[in-house]
Amino acid sequence: MCVKMLVRSELMQQHIMAARFAEAMTIAARRRYIVRACKQRGWIIQPAALQQMMDFVHSEQAMEDMLDSLDERIGNDKTITAGIWEEFASAEQQRHDISSQKNSRRDDNASMKNAAWTDQVRLINAFETPKLTYDVTRKQFHVTETRESLFGSPLDKTNMLAQRYALVHQRLIRHELFRPSQLGHEARTASLQHHLTPIESLLGKKTMSKTFLLLGILVQIEEGNYYLEDPTGQVPVSFQEATAVDDFFVAEHCILLVEGSFHDGTLYLQRVGHPLLESRDVSVAAMQQQLSHPFFVKRVECDVDEQPTFIVLSDVHLDQPKVVAYLESLFATYEKCAPCDLPLFVLMGNFSSTYRDSPPLDELATVLSAFTNLSKNAHFVLVPGPNDTAQQVLPLPPLAARLSRLAHVHMATNPSRIFYKGRELVLFCYNILHLLQRKQIMLPKAEDVTDINDSDAVDADVEDGGQRKLHHRLIKTLLDQSYLLPVQGVPVFWNYDHALRLYPLPDALILGGDAVKEGFHEIYGGCHVVHAGSMGESGSYAVFKLNGKDDDDFMMEDEDTNVSSRPGNGSVMYVNFSNSILYD
């Protein structure tokens with residue numbers, strides 16, 4: 001017995017010594033590997049930095065990746081000191097933390113699975129939105145999904161405007177009015193055939209008698225002097241004789257389709273319009289000829305039972321007692337629903353009536369704690385408003401608060417996107433209308449003519465004087481420009497400008513902000529534009545249902561019940577609490 005125990009003890013000591021020897025050999029081999037790799041790159045590594053590098057990574061592949069990243073930071077000195085390594089290691093750790101947060105958000109998005117249609121819903125934040133670019137030389141689309149730096153270079157700003165123009169230009173020349181006639185087809189009349197003139201063809205000339213059709217970005221190079229710019233050059237423009245072909249906003253950084261004559265080095269505009277709209281189906285069909293990506297696919301028909309329903313609220317001022325009372329009444333209505341029948345609640349800021357660094361979201365959790373069914377089974381998407389975060393550069397980051405008492409809370413960026421069976425819904429909360437009204441260029445006169453894009457025009461009520469309502473002008477401006485903020489003066493991360501694009505045209509654009517008392521719902525070019533109204537101002541919200549069929553779009557209104565619905569691709573019902581006796 002004693003002999004067996006002695007033998008076992010000796011064997012254990014041998015194993016321990018072998019493990020220690022193997023560990024020592026591993027450390028020595030790792031040291032030799034790092035020194036050899038640094039010599040191959042022409043680097044000099046100090047002993048303190050060498051020890052820190054050995055403690056930081058423990059695999060050959062991780063070491064190789066680390067050295068490749070370090071090569072971009074080391075510069076011309078070629079000496080790795082302890083200070084350089086500590087700075088690099090800190091940056092790598094920060095990048096790892098950001099990646100972990102991104103994976104956590106993906107897990108959060110993947111957790112949006114309940115019953116019925118919710119297992120098909122995906123919430124995509126702005127910093128995860130794939131970037132669609134167009135190569136003008138090769139006439140090809142490309143999609144990239146790499147995470148880029150928030151601090152862009154001047155070249156990134158140039159590329160941002162260039163890509164906006166390129167995507168609009170390629171869609172415009174694909175329109176039948178600008179596409180050259182082909183052999184074997186019936187010849188078009190000259191009056192229906194249009195040709196875009198590059199700006200460079202006007203430069204160096206004083207006066208040209210004929211009129212030109214140009215596409216360019218409106219910029220203000222000098223105070224009070226506007227220029228039209230395209231990739232070939234820029235030319236000063238005059239709006240003195242300009243006539244708008246439709247009701248829309250014209251502001252700096254808008255892409256304009258203009259017609260005018262050239263005299264004494266200035267382009268005198270006669271007709272001003274926006275680029276012609278293109279439906280989502282046409283855009284996706286053009287892209288699918290060159291690339292395959294899950295973001296750019298055709299719609300998948302869904303059954304009636306799978307139709308998603310969204311409860312949309314804007315200006316949810318949680319610091320106002322009347323808004324809290326409105327929410328209690330709303331949640332009490334849906335508390336009775338079965339878990340599989342619950343809608344998706346989209347709550348948009350601002351979440352406080354005054355500016356705060358941290359909105360009072362705990363008030364929302366307190367209200368929902370009284371509704372067990374909603375707290376456990378309902379999904380809530382919270383979109384921050386412009387006053388809810390200290391950062392004012394778009395896209396706005398998600399709210400930092402964590403509502404642990406709710407089972408399914410999804411903190412979204414502003415803007416963000418929801419995908420459902422090939423359908424795209426864009427969520428955006430900003431004071432767009434006020435901004436465009438403040439920055440717009442007032443044209444000397446407006447023209448009551450039939451637009452060449454009348455087939456897609458908004459079926460709008462016409463106010464006195466032939467001017468459409470403001471929200472009709474807003475809708476046409478945003479969708480024609482394929483951009484959420486086609487106006488200069490709004491800070492945007494240049495590398496994430498693509499998160500604000502509306503190309504291809506989404507199936508629905510859900511807006512918030514502007515303190516709009518009464519919501520609206522319009523269809524333009526097949527895109528549903530929904531504004532829920534202001535919960536804080538009028539106690540209104542919208543129930544938006546995205547149907548699965550592609551019937552013809554038409555509008556039905558019932559003034560008595562305050563219901564606006566379209567039995568085509570979707571329907572909207574507006575509810576106004578201020579007309580009830582719920583809160584006095």
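Accessible areas come from the Shrake-Rupley method with a 1.4 Å probe. By this approach, the accessible surface of the chain in this predicted model comes to about 28800 Å². Carbon and sulfur atoms account for 50% of that surface. Turning from the surface to the interior, buried residues make up 50% of the 584 residues in the chain.

The secondary structure consists of twelve helices and 25 strands. Contacts across the chain help to fill in the picture. Among those with a separation of 6 or more, 70% join residues that lie 24 or more positions apart.

A good place to begin a closer look is strand β10, which covers residues 255-263. How many of the nine residues of this strand are buried? The count is seven, so strand β10 is largely enclosed by the rest of the structure; the cut-off behind this reasoning is that a buried residue has under 20% relative accessible area. Strand β10 also has two pairing partners to explore. With strand β6 (residues 207-222), β10 pairs in the antiparallel sense over nine bridges, and here Thr-211 stands opposite Ser-261 of β10. With strand β11 (residues 266-273), the pairing is again antiparallel and runs over seven bridges; in this case Leu-257 has Gly-273 of β11 as its bridge partner. Strands β10 and β11 form a hairpin with two residues between the strands, where Asp-264 takes a positive phi near 50°.

Elsewhere in the chain, six strands make up an open sheet with mixed pairing, in the order β3-β16-β17-β19-β21-β20. Which strands lie at the edges of this sheet? They are β3 (121-125) and β20 (520-524), each of which pairs on one side only. Neighbouring strands of the sheet are turned by 20° against each other on average, with direction ignored. At the β20 edge, β20 and strand β21 (residues 527-531) pair in the antiparallel sense over five bridges. Within this pair, the bridge partner of His-521 is Val-530 in β21.

The cysteines complete the description. A disulfide is a covalent bond between the sulfur atoms of two cysteines. The structure holds zero disulfides. Cys-340, for instance, is in no disulfide, and the nearest cysteine sulfur, that of Cys-337, is 9.4 Å away. Are Cys-340 and Cys-429 buried or partly exposed? Cys-340 counts as partly exposed because its relative accessibility is 38%, whereas Cys-429 is buried, with a relative accessible area of 0%.

Key: Residues numbered from 1 in each chain as written. Predicted model: local features only at pLDDT ≥ 70, side-chain atom pairs only at ≥ 80, totals over all residues. Heavy atoms only, no water. Buried < 20%, exposed > 50% of the residue type's maximum accessible area, 1.4 Å probe, protein only. Helix = DSSP H or I, 4+ residues; strand = E, 2+ residues; numbered from the N terminus. Pairing = 2+ DSSP bridges. Contact = heavy atoms within 4.5 Å. Axes fitted to C-alpha atoms, helices over the stretch in contact; angles between N-to-C directions. Disulfide = S-S within 2.5 Å.
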